Amino acid sequence: MPDAPSLAAATPATVAKGPSVTAWVKEPDGIPQGGSRDASAADLGRRAAEAPVVRLVERVLGQAVRDRASDIHFEPFEGEFKVRCRVDGTLREVAAPPPELALPVISRLKVLAGLDIAERRAPQDGRIRFAAAGRGVDLRVSTLPTQSGESVVLRVLDASTAVHELSALGMSAVVEAGVREVVRRPHGILLVTGPTGSGKTTTLYSCLRLINTPEVKILTAEDPVEYEITGVMQLPVNPAIGLAFATALRSFLRQDPDVLMVGEIRDAETAQIAIQAALTGHLVLSTLHTNDAVGAVTRLVDMGIEPYLVAATLEAVLAQRLVRCVCPACGVPADAPPALSRQLGLGAAAELRYRQGRGCETCRKTGYKGRTGIFEWLRLKEPLRELVLERAPAAVFQQKAVEAGMETLHAAGLRALRAGLTSVEELAHWL
């Protein structure tokens, strides 16, 4: 597919509902009408191939890539067809096409992804290779049948905008040094934890690139593989055929690996095999869904892993969040709202003036431009390993970890706030 034309080339229209993508209007040559949900597959295929629909889809995708969107949502409602893009972690509504274009546009996306356009009752998954701004971009496609029609969400996988270097993630010098030390160890487990969309996979990829040399055999099991890393054997798991994370890990151990990366530890079986791999001389990197670093330790024990095995193999846990950065072009000093000051426990620091974006063309009137990470680094050494063996309560473990030098997510967030990187409102939202 040739490079997608700029959405800005469309005929000017009224201001969009949201600030992310330029608005469009119906073209003079006419976009095919008639979006009945009862349309036949042949009819949908014909409409999806009409030049105006093709151009419309290309414009939306192309502008979303240029806006560095991570996801694109096409959502049909009764009498309305919404398009939204997630930029810097926040959804922004785009000026929507007429509702009768829902079926042709969604059918066009399904055709590009190689999906069955006649199947509108079951979810489908696919992938689109899209050219934008002179480079190839992968789009992971997911369809979902709803009351008003199929919803389609595209995850944008743009390798050119992905962060590759560990030093570019926003870690403090202490945290970065700790991560570099752990990933160079010959064995043990490093867990990265946080909610969905907090950048865990990006952090793991950065770690793999750090140790990816011809002398090291690295195998990954991912759901799905988001970016290809030269020299790394990457396996997309497929539970539908019995290839789950646990199954992949067992097979990996027969492939003479040095380092294993598991996309996520979801169950006790996967956790047990990861523990066994670490005990037999492998470095294991993985993610876990917990709110903080200490929570990862207790989660493993709750899964049924014996505390002595956790203490023997878990080297460190990195908890993280992604927060939006105040736009450097329009950021100005501002007072912290009293309610948010109390929520964050700023205390005397509330008297300081922080930074807030006023909104400009650079940030598309949002006040934010880009994101940075805030991190909580838990290194398991004595006496913390003793607390694991004693099944110490999470509150006690947290207190001892802080006494041992761990900077909490809250403390890391306040440090980013005082440095002018983010706003009080953004920090309060994520913490």
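What follows is a short exchange about the fold of a predicted model.

Trainee: How many helices and strands does the protein have?

Mentor: This is a predicted model, so treat every value as computed from it. Both kinds of element are present in the protein. The count is 14 helices and 15 strands.

Trainee: What share of the residues counts as buried?

Mentor: A residue is buried when its relative accessible area is under 20%. The protein has 431 residues to sort by that cut-off. The buried share is 51%.

Trainee: What percentage of the accessible surface belongs to carbon and sulfur atoms?

Mentor: The accessible surface of the protein is about 19200 Å². Carbon and sulfur atoms account for 52%.

Trainee: Among contacts between residues at least 6 apart in sequence, what percentage joins residues at least 24 apart?

Mentor: Start from the contacts in the protein that span at least 6 positions in sequence. Then keep those whose residues are at least 24 apart. That leaves 64%.

Trainee: Why do the buried residues of α6 lie on the same side?

Mentor: Helix α6 covers residues 245-252, and its buried residues are F245, A246, A248, L249 and F252. An α-helix has 3.6 residues a turn, so residues three or four places apart point the same way. The buried residues of α6 are on the same side because the arc they cover around the axis is only 160°.

Trainee: Which elements do those buried residues of α6 pack against?

Mentor: Three of the partners are strands, and one is a helix. The partners are β8 (218-222), β9 (233-236), β10 (259-262) and α7 (268-279).

Trainee: Which strands are the edge strands of the open sheet?

Mentor: The sheet has 7 strands with mixed pairing, in the order β9-β8-β10-β11-β7-β12-β15. From one strand to the next, the twist averages 20°. An edge strand pairs on one side only, which gives β9 and β15.

Trainee: At the β9 end, which residue stands opposite L219?

Mentor: β8 and β9 are joined by 4 bridges. Their pairing is parallel. Opposite L219, in β9, stands M233.

Trainee: At the other end, which residue of β15 stands opposite A316?

Mentor: β12 and β15 run antiparallel, with 10 bridges between them. The residue opposite A316 is R379.

Trainee: How many of the 12 residues of β15 are buried, and which helix lies across β15?

Mentor: β15 is an edge strand, yet mostly covered, with 9 of its 12 residues buried. A helix, residues 409-418, lies across β12 and β15, at about 145° to β15. So the answers are 9 residues and helix α13.

Terms used. Residues numbered from 1 in each chain as written. Predicted model: local features only at pLDDT ≥ 70, side-chain atom pairs only at ≥ 80, totals over all residues. Heavy atoms only, no water. Helix = DSSP H or I, 4+ residues; strand = E, 2+ residues; numbered from the N terminus. Buried < 20%, exposed > 50% of the residue type's maximum accessible area, 1.4 Å probe, protein only. Contact = heavy atoms within 4.5 Å. Areas by Shrake-Rupley, 256 points an atom, 1.4 Å probe, with all protein chains shown as cover. Arc of directions from axis to C-beta. Pairing = 2+ DSSP bridges. Axes fitted to C-alpha atoms, helices over the stretch in contact; angles between N-to-C directions.
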